[in-house]
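Please walk me through this model in the viewer, stop by stop. Tell me what to select next and what is there.

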There are 2 protein chains.
Amino acid sequence: MTDRSDEALLDRAFMALADPARRRIIARLSRGPATVNELAEPFEITKQAVSKHIQVLEQAELVTRTRDAQRRPVHLNAARLEALTAWIDQYRLVREAQYRGLDAVLNHLSKDKT
Amino acid sequence: MTDRSDEALLDRAFMALADPARRRIIARLSRGPATVNELAEPFEITKQAVSKHIQVLEQAELVTRTRDAQRRPVHLNAARLEALTAWIDQYRLVREAQYRGLDAVLNHLSKDKT
DNA sequence: GTTGTATTCAACCGAAAGGTTGATCAAGGG
DNA sequence: CCCTTGATCAACCTTTCGGTTGAATACAAC
């Protein structure tokens, strides 16, 4: 896990979620697919701006897009979110293990990580 | 969970982890506290730059600092990492619930989230 | 007090992010 | 074949980010 080839993808994912607007988009998509226009409405920004956000999320593979006539609904890629929790938990668990003095667990988890 | 008052903090946390250098710092700190100089060494950037990164992480409360004479060791605040996984899992689980058609779980999780 | 070591502050710089407006493209409906 | 709708492309602007160098601070050792 946390393979070298996924490094850039992990980077894009964290980068993507750094923006609150994009997190809100993720939140919205968790309730089902939506088009750019639908996503743009609750925000006070233009569709073009939303479209850019989608592209960022798409490059991070956090969302995918299908085609439905002229609409292009955006879908959440929940699986990719797991890569983030995996990265975080990696270090969260190490620290917790240290607090408890579980050296065996610690040594297993803490070798050559990013 | 995901209280309104934590909103800014969550923002800073994602923002902080968006930078690969700062993620590497987190990784290093998971193996124990370190000073700015120690953290700067493996990188090819100046200590001043690292100091700035630490400040960003500190404002996100992902790390804390103590004082040891003129040294100011940085410690990982593993507890804060949980806030991130909590946010992510919130939506990851919603999607997984949808795939399984677990509407009850879905309705419970998906009301007025950020 | 002077020197030395660890860290931070301040000013600056180039690159990238997030936003806008205006033009353009794709797909259907009349 | 227009014309509308949904979405993207392109150019531009402003702010923020990550980095630098150089001066300043804090603390301890001598």
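The tour starts with the two protein chains and then turns to the two DNA strands. Keep in mind that this is a predicted model.

**Stop 1: the protein pair**

Select chain A and chain B together. Chain A brings 34 residues to the contact, and chain B brings 34 residues as well. The area buried between chain A and chain B is about 3100 Å². Carbon and sulfur atoms give 65% of that area.

Now look for charges that pair up. There are 4 salt bridges between chain A and chain B. One to display is Asp11(B) with Arg23(A), where the closest N and O atoms are 3.0 Å apart. Across this interface, 2 residue pairs are in polar contact, both at pLDDT 80 or more.

Next, color the helices of chain A. Helix 1 (7-17), helix 2 (20-29) and helix 5 (78-99) each supply at least two residues to the side of chain A that touches chain B. Which helix of chain A gives the most to that side? Helix 5 does, with 15 residues. Color this side by class and you should find 18 nonpolar, 6 polar and 10 charged residues.

**Stop 2: the axis**

Superpose chain A on chain B. A rotation of 180° does it, with 0.0 Å of shift along the axis and an RMSD of 0.1 Å. That is the relation of a two-fold axis. To locate the axis, select Thr85(A): its C-alpha is the one in chain A nearest the axis, at 2.7 Å.

Why do the copies meet through the same surface? Of the interface residues of chain A, 100% are also interface residues in chain B, so the two copies use the same surface.

**Stop 3: DNA strand C**

Select DNA strand C and the protein residues around it. There are 25 of these residues. The closest are Lys52(A), His53(A), Asn37(B), Ser51(B) and Arg65(B). By class they divide into 5 nonpolar, 10 polar and 10 charged.

What share of the strand C atoms within 4 Å of the protein belongs to sugar or phosphate? The figure is 69%, and the rest belong to bases.

Show three side chains of chain A:

- Thr46(A): a side-chain N or O atom is 2.8 Å from a phosphate oxygen of strand C.
- Arg22(A): a side-chain N or O atom is 3.1 Å from a phosphate oxygen of strand C.
- Lys52(A): here the partner is a base oxygen of strand C, 2.5 Å from a side-chain N or O atom.

Then bring back the helices. Those giving two or more residues to the surface near strand C are helix 4 (47-59) of chain A, plus helix 3 (36-40) and helix 4 (47-59) of chain B. Helix 4 of chain B gives the most, with 5 residues.

**Stop 4: DNA strand D**

Switch the selection to DNA strand D. It has 24 residues around it, and Ser51(A), Arg65(A), Thr46(B), Lys52(B) and His53(B) come nearest. This surface has 5 nonpolar, 10 polar and 9 charged residues. Of the strand D atoms within 4 Å of the protein, 72% belong to sugar or phosphate and the rest to bases.

Three side chains are worth showing here too:

- Thr46(B): a side-chain N or O atom is 2.7 Å from a phosphate oxygen of strand D.
- Gln55(A): a polar side-chain atom lies 3.2 Å from a phosphate oxygen of strand D.
- Asp19(B): a side-chain N or O atom is 3.4 Å from a phosphate oxygen of strand D.

Finish with the helices on this surface. Helix 3 (36-40) and helix 4 of chain A, together with helix 4 of chain B, each give two or more residues.

Methods:
Residues numbered from 1 in each chain as written. Chains lettered and ligands numbered in written order. Predicted model: local features only at pLDDT ≥ 70, side-chain atom pairs only at ≥ 80, totals over all residues. Heavy atoms only, no water. Near = heavy atom within 4 Å. Polar contact = N/O pair within 3.5 Å; in protein donor to acceptor, adjacent residues only side chain to side chain. Helix = DSSP H or I, 4+ residues; strand = E, 2+ residues; numbered from the N terminus. Nonpolar A, V, L, I, M, F, W, Y, C, P; charged D, E, K, R; others polar. Contact = heavy atoms within 4.5 Å. Buried area = accessible area lost by both parts, 1.4 Å probe. Salt bridge = Lys/Arg side-chain N within 4 Å of Asp/Glu carboxyl O. Least-squares fit on C-alpha atoms with pLDDT ≥ 70 in both.
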